[in-house]
Amino acid sequence: MEALALARKEEQNRELKERILQLKKERNAIILAHYYQRDEIQEVADFRGDSFLLAQKAATTDADVIVFCGVHFMGESAKILAPGKTVIIPDERAGCPMADMVNVDGLKALKAQHPNAKVVAYINTSADVKAETDICCTSANAIKVIESVDAEEIIWVPDKNLGDYVSKFTDKKMILWEGYCNTHDMLTVKDVEEMKAQYPNAQFVVHPECRPEVVAMGDFVGSTTGIIKYCKESDCQEFIVGTEDGTGYQLRLDSPNKKFHFATKYLVCPNMKVNNLKKVVRCLETLSPEIYVPPQVADQARLSLERMLLVK
């Protein structure tokens, strides 16, 4: 029975993928998929990447329609950078709890308390918050962005764990917002110790959105893209992975002969996983749900994203 169900699902997925290819041509659409998406979504994507790479692709694509398989703030970033495009997401419920932890009123109050500080916002924020920001960053370029800012005080939103990691590489005063990623913050020292005991030859690669005491255990610390690149180029054959489990798709694709063990079974972002192939088909057929950002907010937010894209 199980084999039959699997075969049926594979056949259904194949039909859905064919329909997606057909609709992409009809709509002149491209599919952007974050590394945390389900495997079958990453398979149909024109580009897979982290927030930064996908934001760049959105800004430069010739397509009329962008299907953003990620969470809502990523779709907003694409719309802000490509205002003339139709940007759709497979499921509008795909939010980001960390992005929701910072709001405009709270940020304005913090700016008033620290008038000489510049605001650096992690790209994992809403368009409204980006509009109140001097410059955005990703986990890949956060250190470079902070060093590029002409201020000695930085208001950092919203991820305190990433902020703590970045603060170790700058002399600037970092005022950290108290947000965090629910998924990465779940990983504990005990989890990693147990995995290291089980796989003594494995290196521990970890995302800086994890807790500081977990990050301190890493053989390599980096963004999702950084982790993928490191594992591909490393001579090590076995890794304990401290980031969201969707990353496994690209890790296995790049290094089929290496072994990857996720540091806990809970490294799953439920918001990233709400998207599926049926929803991709439906959003291409209906061109909805469409991402909308009010023009005034978009214009302000665009400045913070464009400044980030200029940092080399």
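Me: Let's start at the front end: which helix does R14 lie in?
Reply: Keep in mind that we're looking at a predicted model. R14 falls within the run of residues 2-27, and that run is helix α1.

Me: Is R14 buried, partly exposed or exposed?
Reply: Its relative accessibility comes out at 40%. Buried would need under 20% and exposed over 50%. R14 sits between those cut-offs, so the class is partly exposed.

Me: How far apart are the C-alpha atoms of R14 and E40?
Reply: Along the chain, R14 and E40 are 26 residues apart. In space, their C-alpha atoms are separated by 9.8 Å.

Me: On to empty space. How much of it lies in the largest cavity?
Reply: Rolling a probe the size of a water molecule over the atoms shows where empty space is left. The structure holds 1 cavity of 30 Å³ or more. The space in the largest cavity is about 30 Å³.

Me: Which helices each supply at least two residues of that cavity's lining?
Reply: The lining is made up of S51, L54, A55, F68, F73, M74, S77 and I123. By class, these split into 6 nonpolar and 2 polar, with no charged residues. The helices that each give at least two of the lining residues are α3 (51-60) and α4 (72-81).

Me: Take S77 from that lining: is it buried or exposed?
Reply: S77 belongs to helix α4. Its relative accessible area is 3%, and the cut-off for buried is under 20%. So S77 is buried.

Me: Which residues does S77 touch, leaving out those up to four places away in sequence?
Reply: One of the partners, I123, also lines the largest cavity, as S77 does. With residues up to four places away in sequence set aside, S77 touches I123, K130 and L305.

Me: Now the pockets. Which residues are closest to the centre of the largest pocket?
Reply: The largest pocket has a volume of about 360 Å³. It is lined by 31 residues. Those closest to its centre are Y36, N124, C181, E209 and M272.

Me: Which element gives the most to the lining of the largest pocket?
Reply: By class, that lining has 15 nonpolar, 13 polar and 3 charged residues. At least two residues each come from α3, α4, α5 (97-100) and α10 (182-185). The element that gives the most, with 3 residues, is α10.

Me: And the second largest pocket: which elements give two or more residues to its lining?
Reply: This pocket has a volume of about 190 Å³. Of the 15 residues that line it, the closest to its centre are S139, A140, N141, I143 and S223. Two or more lining residues come from each of α8 (142-148), α9 (160-167) and β10 (220-221).

Me: How many residues in the lining of the second largest pocket are charged?
Reply: The class split for this lining starts with 9 nonpolar and 5 polar residues. The charged count is 1.

Me: β10 is a strand in a sheet too, so to speak. Which strands are at the edges of that sheet?
Reply: Strands of a sheet pair through backbone hydrogen bonds, either parallel or antiparallel. Here, 4 strands form an open sheet with parallel pairing, in the order β10-β9-β11-β12. The ones that pair on one side only, and are therefore the edge strands, are β10 and β12 (259-262).

Me: In β10, which residue is the bridge partner of V205?
Reply: Strand β9 (residues 203-206) runs parallel to β10, and 2 bridges join them. For V205, the bridge partner in β10 is F220.

Me: Let's check the backbone oddities. What is omega for the cis bond between S288 and P289?
Reply: Most residues other than glycine have a negative phi, and most peptide bonds are trans. V157 to P158 is a cis bond with omega near -10 degrees, and P158 is in the loop between β7 (153-157) and α9. P289 is in the loop between α15 (277-286) and α16 (295-310). For the cis bond that joins S288 and P289, omega is about -5 degrees.

Me: What is the phi of L287?
Reply: L287 is in the loop between α15 and α16, and it is partly exposed at 26% relative accessible area. Although L287 is not a glycine, its phi is positive, at about 55 degrees.

Me: Where is N28, which has a positive phi of about 50 degrees?
Reply: N28 is not a glycine either. Its relative accessible area is 36%, so N28 counts as partly exposed. Its place is in the loop between α1 and β1 (29-34).

Notes: Residues are numbered from 1 along each chain as its sequence is written. This is a predicted model: local features need pLDDT of at least 70, side-chain atom pairs count only at pLDDT 80 or more; totals for chains, interfaces and linings use all residues. Side-chain values use heavy atoms; hydrogens and water are left out. Buried means under 20% relative accessible area, exposed over 50%, partly exposed in between (1.4 Å probe, protein chains only). On a 1 Å grid over the protein atoms alone, a cavity is a set of points where a 1.4 Å probe fits but cannot get out, and a pocket is an open set with protein on both sides within 12 Å along at least five of seven lines; lining residues have an atom within 4 Å of a point. Grid points are joined across faces, edges and corners, and a volume is the space filled by probe spheres set on the points. Ala, Val, Leu, Ile, Met, Phe, Trp, Tyr, Cys and Pro count as nonpolar, Asp, Glu, Lys and Arg as charged, and the others, Gly among them, as polar. Contact means heavy atoms within 4.5 Å.
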